[in-house]
Amino acid sequence: MLDQIGNLNPQLLRELKGRLTWRNILIVGALSIVAQVLVFLWFYGQLPTPEAYQYNPYCGHMVGGEFIQGCTENVSAKTFAIDWMLWWQHFAQALHTCIPFVLMLSGTYFLLSDLQNEERQGTLDFVRLSPRSASSILLGKILGVPILVYCAIASLLPLHIFVTSRAGNLSFLPSFYMMLAAGSYLIFSFTLLFGFFSKSTLKRSAQALGVTVFYVLMVGAIFVPGYIMWNSETVWKTLLTAPILYITSPDSSWFWFSLPISNNTAIAHLFTLLNIAILNGWVWQGLARCFHQPSTTILHKRQSYGLVFYLQSLVLGLSFQTYVSKGTDAPQAFGTVLLPIVLNLLIFLPLAAILSPQRQTVMDWARYRHTQSPRSSLLKDLLFHDHSPAGLAMMVNLAIAGILWLGISVFGQERIWHGTQLSAILVLMSLITIALYAAIMQWLVIQKTSKRNFIAIALITILLLIPPAFAALLSSRGLISIPLRDIVLLTSPFLWSVSPEVVSPLAVLSALLGQLSFIAGINALIARQVRQIGASEMKDRFARLQPSGSAQ
């Protein structure tokens, strides 16, 4: 069997041989058994006893042959009964929630640690020389590096099946593991992409652990709960007798534009799996590109335009939801303002980091652009050349998003948009805020300092959090006026906290003009810096060559 695996994927065989030792298997098996016993004992300890049964969530009593949930002082110790169905459902929900966290967090940690070791030891460059394709090698890593985690999940399967069957949701398990596999494949692929993107940091052992832990925490804080929430709201909603996790009304219905997602199990599965497949396609384009060319950007600028159009179409369709409660339609502020602003931050800030070339790359472009034959125009280079500064490309990407949002707010007022037009203005202003962050990021990464990437991350983080926090705090103490607070909030990611109904038009105009002025000024600094980089490099080379020429 190992020979067949080796013929199909030598990288997978290499990972399996290094990890599937009897010692590792026994340790994983023992830890899994201990964890299962502890979880069972914890839930068993929650059951009511004759000594402590009142107000226990699993306690009930019989009245006229009918089971009534709840035990108060009027229920005697001899007549209470245990609500076993609710107990099994809570037990199953705990497993449904914990298994994705165990699989995805452990898997991402092992993948990043493996890349860290490969980069430090130089074996990844050796693997690149293999005649195998990048997709074959990277797939071998995804399947092989977390193999012990897969074994731990497999050892949980008997308990999971038994508990779920007792809870009455056995038909839900195929869907659960199918969506779990799809989500894990997506996040593991993105983890490899993140590892290649941060390869210079992973080579330094002093910083690698911090980066790895931070990334795993972000996956655990954003992706995993978001993925569980999405599936429990849409894909699993009709399959579960009790929900895993809800943030909206149980009567809510999710739509993508006019397509109902949560009301039909087949549509919900198809919609989620199709979008995961599309996202995986974009991620693997970047993986194949940076695996063979480690110094290049992850995505072409041309590809980024298509990616932004797809992501914005997806966000647009999901942003404007209504829920039906007691026969009336009520718009959700979460859908009209907060969701698109948060998702656009998660989309465009990583995109700006991906598209922004480093100082040496910009230096080469500025030095040799004039020697190209035929010589390309500056506008074409800025739009499509991957080594040129990313300012104009980011503006185009943000313009694509802005045009789509503006079109929806103007032409989709009756069918799609359930907020005010000022809400649409807030979303558009968030795009301008992101443009400012992208310009600052590009300006910082072409500086001469060796810590420019770290400085860029630190400064963007400070700009994201500190000004709005200070504005809100000072405003609550009466130290600054409400209009000034609104101006600061409107230039931050927290502009969704400003009520569209009461915000001053002057505050909106002031924030808009201030941001546009900063964007123009920073882009002017970038243009001057690029000219200086190209000119000074040529002068330095000429100065180094001049003495040798005169000596001859």
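Ser232 sits in helix H10, which runs over residues 205-233. With a relative accessible area of 1%, Ser232 counts as buried, because the cut-off for that label is anything under 20%. Its side chain has a partner in the backbone: a polar atom there lies 3.0 Å from the backbone oxygen of Met229. Keep in mind that this is a predicted model, and every distance here is read from it.

Let's step back to the whole chain for a moment. It has 20 helices and 7 strands. Of its 552 residues, 46% count as buried. If you take the contacts between residues at least 6 apart in sequence, 71% of them join residues at least 24 apart. On the outside, the chain exposes about 27,900 Å², and carbon and sulfur atoms supply 68% of that area.

Now for the inside. The largest nonpolar core holds 100 residues, and the members that touch the most others are Phe196, Leu287, Phe291 and Phe348. Helix H17 (residues 421-445) gives this core its largest share, 12 residues. Phe291 is a good one to click on: leaving out residues up to four places away in sequence, it touches Leu124, Val127, Arg128, Ala134, Ile137, Leu138 and Phe196.

Three of those partners, Ala134, Ile137 and Leu138, lead us to helix H6, where they are listed among the buried residues. The others buried in H6 are Ser136, Gly140, Lys141, Ile142 and Gly144. Since 8 of the 11 residues of H6 (residues 134-144) are buried, the helix is largely enclosed by the rest of the structure.

Phe348, another of the well-connected core residues, also turns up beside Gln312. Gln312 belongs to helix H12 (residues 301-319), and at 0% relative accessibility it counts as buried. Beyond its neighbours within four places in sequence, Gln312 is in contact with Asn344, Ile347, Phe348, Ala401, Leu404 and Trp405. With Asn344 there is a polar contact too, a 2.7 Å one between the two side chains.

Closer to the start of the chain, have a look at helix H3 (residues 22-44). Its 23 residues reach 33 Å from the first C-alpha to the last, close to the 33 Å expected at 1.5 Å a residue. Which residues of H3 are buried? They are Asn24, Val28, Ser32, Gln36 and Phe43. Much of that spacing looks familiar from helix geometry: an α-helix has 3.6 residues a turn, so residues three or four places apart point the same way. The buried residues of H3 pack against three other helices, namely H2 (10-19), H4 (84-121) and H7 (147-166).

What about the cysteines? Cys151 counts as partly exposed, at 32% relative accessibility, whereas Cys290 is buried, at 3%. How many disulfides does a search of the whole structure find? It finds 0.

Let's finish towards the other end, at Pro505 in helix H20 (residues 505-551). Is Pro505 buried or exposed? It is exposed, with a relative accessible area of 68%, because the cut-off for that label is over 50%. Pro483 makes a handy reference point: it and Pro505 are 22 residues apart in sequence, and their C-alpha atoms are 9.9 Å apart in space.

Technical notes:
Residues numbered from 1 in each chain as written. Predicted model: local features only at pLDDT ≥ 70, side-chain atom pairs only at ≥ 80, totals over all residues. Heavy atoms only, no water. Helix = DSSP H or I, 4+ residues; strand = E, 2+ residues; numbered from the N terminus. Expected span 1.5 Å × (residues − 1). Buried < 20%, exposed > 50% of the residue type's maximum accessible area, 1.4 Å probe, protein only. Contact = heavy atoms within 4.5 Å. Disulfide = S-S within 2.5 Å. Polar contact = N/O pair within 3.5 Å; in protein donor to acceptor, adjacent residues only side chain to side chain. Core = buried A, V, L, I, M, F, W, Y, C linked by side-chain atoms within 4.5 Å. Areas by Shrake-Rupley, 256 points an atom, 1.4 Å probe, with all protein chains shown as cover.
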